[in-house]
Amino acid sequence: MLSRVPVGPVISYRHLRFPDTNGKEMSFSRDLLHARLEPEQGLPIHVLAVHFKSQFGGKKSDAIRTGEAQAVRGVLDDLFATDPQAQMLLCGDFNDTIDSAPLQTILGTGKTKMTSFYADVPKDDRVTYNKEPYRSMIDFIFASPAMAKRYEKGSYDILPGSPAQTGSDHNAV
């Protein structure tokens, strides 16, 4: 995570234990990072970064990603309980598509529903995983209701590329 504004407390959730959908106790495949950005003027912004389990492994990996998603939603709900107007961004490699059960769990419902600006990107440009034949959008930035109010139309974009051009099999959002 890079920031032009001061970074306040950083929290790691690497030791958080939670069940997968089969009831097996687990922790994040890769850490859930939570940093609070503290601009000199304005309210703090909570930025949480994920890198969920890949889809390799079929139903077993689905259970892990769903467990990770439920744990992330729990962290978000805890933040909302402390501050219903919290400015939050959740971003990263979710290794799943917007319509998947894990991402729908994270987005949630009601007053604490996270917002996705996915629909602002033209359909043909919705590629963040750029390797054939699996080209798809599996990387996202979600915003809390308070943060979504600050969204500037057209600012959600995907930088196109390929492993040969950028050295990564993911395109930045």
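Hi everyone, let's start with one residue. Thr66 has a relative accessibility of 15%, so this residue counts as buried, since the cut-off for buried is under 20%. Thr66 sits in helix α1. If we leave out residues up to four places away in sequence, Thr66 touches Thr21 and Pro102. Before I go on, please keep in mind that this is a predicted model.

Let's stay in the helix a moment longer. Leu76 also has its place in α1. Is Leu76 buried or exposed? Its relative accessibility is 0%, so Leu76 counts as buried. And which residues does Leu76 touch, if we skip those up to four places away in sequence? The answer is Leu48, Met88, Leu90, Ile106 and Met114. Here is a distance you can check on the screen: from the C-alpha atom of Leu76 to that of Gly108 there are 9.9 Å, and these two residues are 32 residues apart along the chain.

Now let's place Leu76 in its wider setting, the core. In soluble globular proteins, nonpolar side chains tend to be buried together. In our model, the largest nonpolar core has 38 residues. Six of them touch the most other members: Val72, Leu76, Leu90, Phe94, Ile106 and Phe142. So which elements give two or more residues to this core? They are β5 (45-51), α1 (59-82), β6 (87-93), α2 (101-107), β8 (139-143) and α3 (145-148). The helix we began with, α1, gives the most, with eight residues.

Next, the sheet. Six strands form an open sheet, and their order is β1-β4-β5-β6-β8-β7. The pairing in this sheet is mixed. Try tracing that order with your finger, and ask which strands are at the edges. They are β1 (7-12) and β7 (115-116), and each pairs on one side only.

Let me walk you through a few of the pairings. Strand β4, residues 33-37, runs antiparallel to β5, and five bridges join the two. One example to look for is His34, which has Leu48 in β5 as its bridge partner. You have met Leu48 already, as one of the residues that Leu76 touches.

Moving along, β6 and β8 are also an antiparallel pair, with five bridges. Here Gly92 has Phe140 in β8 as its bridge partner. On to β7, which is joined to β8 by two bridges, again in the antiparallel sense. In that pair, Thr115 stands opposite Ala143 in β8. How covered is β8? Mostly: four of its five residues are buried.

A general point may help when you rotate the model: in a regular strand, the side chains alternate between the two faces of the sheet.

Now for the pockets. The largest pocket has a volume of about 700 Å³. Its lining is made up of 22 residues, and those nearest its centre are Leu89, Cys91, Ile141, Met147 and Val173. Some familiar strands show up here, as β4, β5, β6 and β8 each give two or more residues to the lining. What is the lining like by class? There are 17 nonpolar, two polar and three charged residues.

The second largest pocket has a volume of about 230 Å³. Ten names to find on your screen line this pocket: Ser54, Gln55, Asn95, Thr97, Tyr129, Tyr134, Ser136, Ile138, Asp169 and His170. By class, this lining has three nonpolar residues, six polar ones and one charged.

Let me pick out Asn95 from that list. Asn95 is in the loop between β6 and α2. Its relative accessibility is 10%, so Asn95 counts as buried. What else should you look for at Asn95? Its phi is positive, about 50°, although Asn95 is not a glycine.

One last detail, in another loop. Glu132 and Pro133 are joined by a cis peptide bond, with omega about 0°. Pro133 belongs to the loop between β7 and β8.

To wrap up, here is a short route for your own look at the model. Start at Thr66 in α1, and go on to Leu76, one of the residues that touch the most other members of the core. Then follow the sheet from β1 through to β7, and finish at Asn95 in the lining of the second largest pocket. Thanks for listening!

Terms used. Residues are numbered from 1 along each chain as its sequence is written. This is a predicted model: local features need pLDDT of at least 70, side-chain atom pairs count only at pLDDT 80 or more; totals for chains, interfaces and linings use all residues. Side-chain values use heavy atoms; hydrogens and water are left out. A nonpolar core is a set of buried Ala, Val, Leu, Ile, Met, Phe, Trp, Tyr and Cys residues joined through side-chain atoms within 4.5 Å. Buried means under 20% relative accessible area, exposed over 50%, partly exposed in between (1.4 Å probe, protein chains only). Contact means heavy atoms within 4.5 Å. Two strands pair if DSSP finds at least two bridges between them. On a 1 Å grid over the protein atoms alone, a cavity is a set of points where a 1.4 Å probe fits but cannot get out, and a pocket is an open set with protein on both sides within 12 Å along at least five of seven lines; lining residues have an atom within 4 Å of a point. Grid points are joined across faces, edges and corners, and a volume is the space filled by probe spheres set on the points. Ala, Val, Leu, Ile, Met, Phe, Trp, Tyr, Cys and Pro count as nonpolar, Asp, Glu, Lys and Arg as charged, and the others, Gly among them, as polar.
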